[in-house]
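Please look over the sequence and the model below before reading on. The paragraphs that follow go through it one part at a time.

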Amino acid sequence: MTTLIESEEHKALRAAVSALGNRYGRDYITKVIADGRHPDELWSEAAKLGYLGVNLPEEYGGGGGGIAELSIVLEELGAAGCPLLMMVVSPAICGTVIARFGTDAQKREWLPALADGTRTMAFGITEPDAGSNSHRITTTARRDPDSGDWLLTGRKVFISGVDIADATLIVGRTEDARTGRLKPCLFIVPRDAEGFVRRPIDMELHGAEKQFELALDDVRLPVDALVGDEDAGLLQLFAGLNPERVMTAAFAIGMGRYALSRAVEYARDRTVWNAPIGAHQAVAHPLAQAHIDLELARLMMQKAAHLYDAGDDVGAGEAANMAKYAAGEACVKAVDQAVHTLGGNGLTREFGLASLITAARVARIAPVSREMILNYVSHQTLGLPKSY
């Protein structure tokens with residue numbers, strides 16, 4: 001029942017975050033983007049109120065909650081028109097991985113700072129020739145036989161917020177001494193590490209967080225840059241990827257709710273032929289359907305977060321993929337219907353919905369495409385043979 005009926009604590013968290021978001025709103029984010037800045041004021045205030053680190057352990061300055069609580073924060077900020085994309089990366093992926101698998105020293109160094117917002121961490125997995133296929137990642141890590149240091153070489157693409165992050169959690173691969181096969185490992189790479197080069201990608205999508213291509217040319221890292229066990233492999237990787245999918249769903253649901261709320265407000269107020277346009281079923285029914293789809297996606301997101309926080313990584317993997325798929329589809333449809341409801345006004349800067357048409361598609365594409373999720377469900381859940 002915990003995934004169906006929200007607790008009083010979660011309701012209070014929603015209300016509090018919603019109040020914060022409404023004090024900033026869509027106009028704030030629009031101005032930040034126009035100025036080429038990052039939403040530092042909102043980020044700092046959310047951190048001071050304990051929202052950024054709500055999923056991190058209390059002993060390291062966090063709220064002691066889980067992805068369920070963090071997804072509420074991101075969803076409500078999105079519903080207010082001011083989502084913080086780096087929440088998907090810094091506390092959700094990187095904070096979770098370090099909290100679960102990091103050394104005591106790594107936890108002390110990073111978790112309090114991630115929780116209070118004074119430091120951020122980016123996440124680098126996607127590669128030009130591999131996408132997010134962890135089995136085809138070519139970024140490799142080898143040991144220097146003389147010093148024992150790690151040396152990382154490779155490329156990454158579409159990595160968010162590297163310019164503002166203090167470090168990037170890079171997914172590389174090391175060679176198994178017994179089998180010779182490459183296995184995924186995670187490394188903390190400081191922003192100013194020698195040989196670590198970033199190049200901004202010119203995007204049509206205008207967001208506060210920029211996208212980068214990364215080049216790593218024998219980046220030298222100390223032994224303690226490795227997060228967790230060198231032999232844990234995919235377990236540690238998916239400890240970060242499952243929360244990423246849940247948080248992407250929260251991002252999409254929040255965006256869809258924001259667009260829908262603007263459309264509903266317009267449909268109530270806009271009067272044609274002596275009646276609000278929302279009185280006509282051709283306008284009302286698609287908005288109602290968009291609301292239903294968003295609510296259904298939220299239920300799956302809550303299930304995924306609950307399973308993850310309960311320690312069921314396998315169950316969470318299936319649910320998180322489904323939640324991300326459902327939320328991406330619901331968001332795109334809600335934004336499209338919102339713009340259509342406003343007609344020509346939906347394409348004006350005054351109402352600020354047109355830019356969401358492009359932004360909404362991100363939830364269908366990243367961090368994993370809807371087609372790959374359908375592949376996952378078809379062969380993992382339904383037991384059908386692989387097509388690849």
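Leaving aside neighbours within four places in sequence, which residues is Leu 13 in contact with? This is a predicted model, and in it Leu 13 is in contact with Tyr 51, Glu 69, Ile 72 and Val 73. Leu 13 itself has its place in helix 1, which covers residues 8-34. Its relative accessibility is 13%, and because buried means under 20%, Leu 13 counts as buried. A further distance links this part of the chain to a later one: the C-alpha atoms of Leu 13 and Leu 70 are separated by 9.8 Å, although the two residues are 57 apart along the chain.

Helix 3 comes next. It spans residues 67-79, and its axis comes within 8 Å of the axis of helix 7, residues 281-309. In general, two packed helices are described by the angle between their axes and the distance between the axes. For helix 3 and helix 7, the crossing angle is roughly 145 degrees. On the side of helix 3, the residues that meet helix 7 are Ile 67, Ala 68, Glu 69, Ser 71 and Glu 75. On the side of helix 7, they are Arg 298, Met 301, Ala 305, Tyr 308 and Asp 309. Sorted by class, this contact has five nonpolar residues, four charged ones and one polar one.

Helix 4 runs over residues 86-101 and has 16 residues. From its first C-alpha to its last it reaches 21 Å, close to the 22 Å expected at 1.5 Å a residue. Helix 4 also has a bend of about 35 degrees, placed at Gly 95. Of the 16 residues in helix 4, 14 are buried, and the helix is mostly covered.

The strands are the next topic. Strand 2, residues 140-143, and strand 3, residues 150-160, run antiparallel and are joined by four bridges. One position to look for is Thr 140, which stands opposite Thr 153 in strand 3. Strand 2 and strand 3 form a hairpin, with six residues between them. Gly 148 lies in the turn and has a positive phi of about 85 degrees.

Which strand does strand 3 join through eight bridges? The partner is strand 7, and strand 3 and strand 7 run antiparallel. Here Gly 154 has Leu 216 in strand 7 as its bridge partner. Strand 7 is also joined to strand 6, residues 196-200, by five bridges, and these two strands run antiparallel as well. In that pairing, Val 197 stands opposite Ala 215 in strand 7.

Strand 7, residues 211-221, also holds Asp 218. As background, most residues other than glycine have a negative phi, and most peptide bonds are trans. Asp 218 is not a glycine, yet its phi is positive, near 50 degrees. With a relative accessibility of 35%, Asp 218 counts as partly exposed. Trp 273 is likewise not a glycine and has a positive phi, of about 55 degrees. Trp 273 is found in the loop between strand 9 (271-272) and strand 10 (275-276). Is Trp 273 buried or exposed? Its relative accessibility is 80%, so Trp 273 counts as exposed.

Two more helices remain to be described. Helix 6 takes in residues 234-269, which makes 36 residues, and it reaches 52 Å from its first C-alpha to its last, close to the 52 Å expected. Helix 6 is mostly covered, with 26 of its 36 residues buried. Helix 8, residues 313-342, has 30 residues and reaches 42 Å, close to the 44 Å expected at 1.5 Å a residue. Since 21 of the 30 residues of helix 8 are buried, this helix is largely enclosed by the rest of the structure.

Gln 337 is found in helix 8. At 16% relative accessibility, Gln 337 counts as buried. Not counting residues up to four places away in sequence, Gln 337 touches Pro 286 and Leu 287. After helix 8 comes Gly 343, whose phi is positive, near 60 degrees.

The last stop is a peptide bond. The bond from Ala 366 to Pro 367 is cis, with omega near -5 degrees. Pro 367 lies in the loop between helix 9 (354-365) and helix 10 (370-381).

How values were computed:
Residues are numbered from 1 along each chain as its sequence is written. This is a predicted model: local features need pLDDT of at least 70, side-chain atom pairs count only at pLDDT 80 or more; totals for chains, interfaces and linings use all residues. Side-chain values use heavy atoms; hydrogens and water are left out. Axes are lines fitted to C-alpha atoms, for helices over the stretch in contact, and angles run from 0 to 180 degrees between N-to-C directions. Contact means heavy atoms within 4.5 Å. Ala, Val, Leu, Ile, Met, Phe, Trp, Tyr, Cys and Pro count as nonpolar, Asp, Glu, Lys and Arg as charged, and the others, Gly among them, as polar. The expected span of a helix is 1.5 Å times one less than its number of residues. The bend at a residue is the angle between axes fitted to the seven residues ending there and the seven starting there. Buried means under 20% relative accessible area, exposed over 50%, partly exposed in between (1.4 Å probe, protein chains only). Two strands pair if DSSP finds at least two bridges between them.
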